[in-house]
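Let's take a walk through this structure together. Have the sequence and the 3D view side by side as you read.

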Amino acid sequence: MADPFGEKALDKKITLDGVPVLNGAGVVDSAVFETTQQIQRDDEKVALNRTRINRTLNVVVIGTGYVGLVTGAILADQGSNVTCVDRDPAKLEVINRGESPIYEPGLEEVIQSGLKTGHLKTSTSIPESVATADIVFIAVGTPPSADGTPDLTAVMQVVQEVGRSIKQHITLVTKSTVPVGTGNLIEETLVRMGVDPNLYDVVSCPEFLREGCAVADTKNPDRIIIGVNDPGAETKLLSLFSRNRCPILVINRTSAELVKYASNAFLAVKISFINGISRICEQSGANVDDIAAGMGLDHRISPKFLQAGLGWGGSCFPKDVQGLSKVGETMGFDFEMLKAAEKINTDQVLHFVGRIRAELGSFSGTRVAILGLAFKPNTDDIRDAKSLEIIKILKAEGAEIIVHDPVAMDNVKAIHPDLTYTKTGEETVHDADVTILVTEWAEYGRLNMDRVAQLMRGNLIFDGRRFFRPEEVKSAGLKYFTIGS
Ligand code: UGA
């Protein structure tokens, strides 16, 4: 199907410093950027006139979840006037006190500085905020619906309310991860509502931040992607991001929506790939870390996201891998590679738990210590966390479960109030038959293995992240098992 969304073909424009300097380029590498920098220097004045707006931009960010709050706080930190909008006044009260409703290292400091300078404000009213806005980001949730496609209810409600509030020109930007074609849907909705088309642009600007390092990622992103269907629609965003030193790629809107899915799905496939290799390592005696190191030395592969473990979880990879599969299906393409990656990811936990069961004989009546509940370190997020999958099996098979996490315990308690929650890693392993490391929090790396051996009644350590030092574990008299060996 050629051009299924009726996109106008736009030249790719790669920009540096928010200044478009190269048209029609397909390759993004350092040589290209050296050239673009030179062109930028030569052509600076014209380019600056073309892309910078000489006043502070008023930005509205609707939704104060991970993406919305971090985006809003950082833009305020960079000097824009930002209003973070949420319908939950309790959440806004927390933000107005200079606190963060989510656990994210460094975020409170940025919020506090935004409140102090007056660049960061909050509101429950979309109409009031949109009344003075130049740019409106939609950053509300798009949870998976029953069939795996992202649920756009919240996004479309926001679009309707924004549509009713538009009095002056705004650039309406999707920041939430939305299915391919959502920008067109938004535009169609605004047209149906009879909003003057001269008063808005609909743009896609996907977010690439990682939980746990969201502040650093947003301050120093690898790239900014701006998806527009109308030439010139990117102007306000280029101005907004003019302080960023990273490449800015301006492409058509559907491509921008798809870049987000493609990036997350690719990273998930990469992790599943190394986890597949880990299964071969288990049988062959090869070392999966050494293989990742050897592969990663090839610049085309890179060592990042090649850490074998229990697999990928969180609010993004599982949802986006499924989402891209669905997009493929609607286009008549069966993206089997994604299904294989999902299968490896599901099997990874089942296989690991199977190995523990085999060592114990049965889980019934055993005492199992779990270190780490969050889907990864430095977050309290437990969405699609591997800990939950493991707990479900252990509970069904009659184990007594003792758990610890530095920040995510309250979230798990809400689902599993019947587990034993402890204050420290040492307390968790007390009298345990087996200790399972699920999340590689730095503090577990400081556990003294001799002390762990004294405290446990059994001697089995199952490391789901290849995190402990095997020699240290073994020399404490414990039996060490990990992914890939
Ligand atoms: C991911 C992407 O990395 C971000 O670029 C993107 O913006 C975000 O999704 C999103 O769509 O909002 P995030 O889910 O915060 O970020 O977490 P990652 O650091 O990517 O980790 C995802 C999962 O993969 C975790 O469960 C982690 O433990 C696992 N992982 C990661 C591995 O098993 N091995 C690795 O080598 C890397």
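What follows goes from model confidence to the cores, then to two helices and a loop residue.

A word on confidence first, since this is a predicted model. The protein chain averages a pLDDT of 90, and 89% of the residues score at least 70. Over residues 1–12, though, the pLDDT is below 50, and this stretch has 21 contacts in the model beyond near neighbours in sequence. The pLDDT also stays under 50 over residues 17–50, for which the model has 49 contacts beyond four places in sequence.

Now for the interior. In soluble globular proteins, nonpolar side chains tend to be buried together. Here the largest nonpolar core has 66 residues, and V368, I370 and I436 touch the most other members. Helix α11 (residues 253–284) gives this core its largest share, 9 residues. Apart from this core lies another, of 60 residues, including V67, V155, V173 and I226. If you would like to look at one of the well-connected members, pick I436: leaving out residues up to four places away in sequence, I436 touches I356, V368, A369, I370, L371, I390, F462 and G464.

V67 takes us to helix α3, where V67 is among the buried residues. All told, 12 of the 12 residues of α3 are buried, so this helix is largely enclosed by the rest of the structure. From its first C-alpha to its last, α3 reaches 16 Å, close to the 16 Å expected for its 12 residues at 1.5 Å a residue. Just after α3, G79 takes a positive phi of about 110°.

Helix α5 (residues 107–117) has a shorter list of buried residues to follow: L107, V110, I111 and G114. These cover an arc of only 100° around the axis, which puts them on the same side of α5. The spacing fits the geometry of a helix: an α-helix has 3.6 residues a turn, so residues three or four places apart point the same way. What covers the buried residues of α5 includes α3 (66–77), α4 (89–96), β5 (120–123) and α9 (214–219). Just after α5, G118 takes a positive phi of about 85°.

Last comes N378, in the loop between β11 (367–371) and α15 (386–396). Is N378 buried or partly exposed? With 19 other C-beta atoms within 10 Å, N378 is partly exposed. Beyond residues up to four places away in sequence, N378 touches P105, G212 and C213. The C-alpha atoms of N378 and V407 are separated by 8.2 Å, with their positions 29 residues apart along the chain.

Conventions
Residues numbered from 1 in each chain as written. Predicted model: local features only at pLDDT ≥ 70, side-chain atom pairs only at ≥ 80, totals over all residues. Buried ≥ 20, exposed ≤ 12 C-beta atoms within 10 Å, placed from the backbone. Helix = DSSP H or I, 4+ residues; strand = E, 2+ residues; numbered from the N terminus. Arc of directions from axis to C-beta. Contact = placed C-beta atoms within 7 Å. Expected span 1.5 Å × (residues − 1). Core = buried A, V, L, I, M, F, W, Y, C linked by C-beta atoms within 7 Å. pLDDT = per-residue confidence, 0-100.
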